[in-house]
Amino acid sequence: MENPIIRREREYDWYDTEYLTKKAFWNLHVPGCNEHYLVHLLRKSPDYLPELSRMAELNGRAAGAIWYSKARVEGEGGVFPVLTFGPLCVAPEYQRQGIGGRLLTYTLDLAREAGHKAVIIFGNPDYYPRFGFKTCDQFGITDKTGGNISAFMGLELIPGAFRGVTGKFYESPVFEECNSPLSEEYDQKFPQMPKLKPRPVGNLREISEYCSALTAGNSLDQRRKPGDGLCSGSACSCRCAACLRHKHAPSENLKAGAASVPERRRARRRTMKRKVFPNG
């Protein structure tokens, strides 16, 4: 594969990068998706950081993109500014070629050089630790509800950046605003695709329970039982489509679906073992 060109978005790229975002997330976490509408809103937000956001171009086509925005940790010690990113996605036809990882490492280097201290995300816990991310409970940081899950992770761009920092993490309001009914209207700009209900696998089980709890305004201790299903997508107050955007991302495409591939392979091996060596 040729090396992609990593560059800043220009206005004439917007449709292409939003469309690749739609294709990358469609039916991944909920029927349909609204991550492409999130990108549209994010560009107009004062929290958006275009100087860190980048797209990957391959053979003259938009192949992937990552968008950064301002976030913060609020606690007794005051407000500690951090970065967050999302969506981070790769077009389906270019997935599993390392493009997502190149976008991530390139932009993390940009952020470090610009003097930013830390990044907090919701992401695939099977993917992001290879880039140095750790669960936020190791830093004494929780989400805005006071909870923690394995998908809630942070990275110190400067060693020791989180030392003495405790509190709750807050991101831009656009991550909730994208669940407006206007997202359906905005989607009409793009080729239409059928909506199918995804099936939670592996870490998605925990994530779907977590999002269901937020939808109901409950604490993590009150969340739904496994098997109750995904929350309601665009009508969900936990902004599922957004909170699961980059967030619970798979391997290189950075969305949780890809993370389930090794699990499916292991399951197939176990099945074959039982068939061939039933007592093994």
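**Exercise 1. Strand pairing around S2**

Which residue in S2 is the bridge partner of Ile 6? Using this predicted model, place S2 among its neighbouring strands and describe its burial.

*Solution.*
- Step 1. The bridge partner of Ile 6 is Ala 56 in S2.
- Step 2. Three bridges connect strand S1 (residues 5–7) with S2, and the two run antiparallel.
- Step 3. S2 also pairs with strand S3 (residues 61–75), again in the antiparallel sense, through five bridges. Arg 54 stands opposite Ile 66 of S3.
- Step 4. The hairpin of S2 and S3 has two residues between its strands, and Asn 59 takes a positive phi there, near 55°.
- Step 5. In strand S2 (residues 54–58), five of the five residues are buried, so the strand is largely enclosed by the rest of the structure. Arg 54, Ala 56 and Leu 58 are buried on one side, Met 55 and Glu 57 on the other, which leaves both faces covered.

**Exercise 2. Burial of helix H2**

How many of the 10 residues of helix H2 are buried, and which are they?

*Solution.*
- Step 1. Helix H2 spans residues 35–44, and eight of its 10 residues are buried.
- Step 2. The buried set consists of Glu 35, His 36, Tyr 37, Leu 38, Val 39, Leu 41, Leu 42 and Arg 43.
- Step 3. With that count, H2 is largely enclosed by the rest of the structure.

**Exercise 3. Cysteines**

How many disulfides does the model contain? Examine Cys 33 and Cys 136.

*Solution.*
- Step 1. A disulfide is a covalent bond between the sulfur atoms of two cysteines. The cut-off applied here is 2.5 Å between the sulfur atoms.
- Step 2. By this rule the count is zero. For Cys 33, the nearest cysteine sulfur belongs to Cys 89 and lies 9.2 Å away, and Cys 33 is in no disulfide.
- Step 3. Cys 33 is buried at a relative accessible area of 13%. Cys 136 is buried too, at 0%.

**Exercise 4. Aromatic rings and charges**

Find how many aromatic pairs the whole structure holds, then analyse the pair of Tyr 19 and Phe 190.

*Solution.*
- Step 1. The search gives 16 aromatic pairs.
- Step 2. In the pair of Tyr 19 and Phe 190, the ring centres are 6.2 Å apart and the planes make an angle of 15°. Planes under 30 degrees apart count as stacked, so this pair is classed as stacked.
- Step 3. Tyr 19 lies in helix H1 (residues 14–25), whereas Phe 190 lies in the loop between helix H5 (182–187) and helix H6 (203–215). The partners are 171 residues apart, and the pair links distant parts of the chain.
- Step 4. Tyr 19 is partly exposed at 21% relative accessibility, while Phe 190 is buried at 3%.
- Step 5. The ring of Tyr 19 also has the charged end of Lys 23 over it, 4.7 Å from the ring centre. The charged end of Lys 22 sits over the ring of Trp 26, at 4.6 Å from that centre.
- Step 6. Elsewhere, one aromatic cluster is formed by Tyr 68, Phe 85, Tyr 127, Tyr 128, Phe 131 and Phe 133.

**Exercise 5. The setting of Asp 187**

Is Asp 187 buried or exposed, and what does Asp 187 touch?

*Solution.*
- Step 1. Asp 187 belongs to helix H5.
- Step 2. Its relative accessible area is 5%; the limit for buried is under 20%, so Asp 187 is buried.
- Step 3. Leaving aside residues up to four places away in sequence, Asp 187 touches Lys 22, Trp 26, His 36 and Gln 192.
- Step 4. Two of these contacts recur from Exercise 4: Lys 22 has its charged end over the ring of Trp 26. His 36 recurs from Exercise 2 as a buried residue of H2.

How values were computed:
Residues are numbered from 1 along each chain as its sequence is written. This is a predicted model: local features need pLDDT of at least 70, side-chain atom pairs count only at pLDDT 80 or more; totals for chains, interfaces and linings use all residues. Side-chain values use heavy atoms; hydrogens and water are left out. Buried means under 20% relative accessible area, exposed over 50%, partly exposed in between (1.4 Å probe, protein chains only). Rings of Phe, Tyr and Trp (its six-membered ring) pair if their centres lie within 6.5 Å; planes under 30 degrees apart count as stacked, over 60 as edge-to-face and the rest as tilted. Helices (H or I, at least four residues) and strands (E, at least two) are DSSP runs, numbered from the N terminus. A charge sits over a ring if NZ of Lys or CZ of Arg is within 6 Å of the ring centre and within 35 degrees of the ring normal. Two strands pair if DSSP finds at least two bridges between them. Contact means heavy atoms within 4.5 Å.
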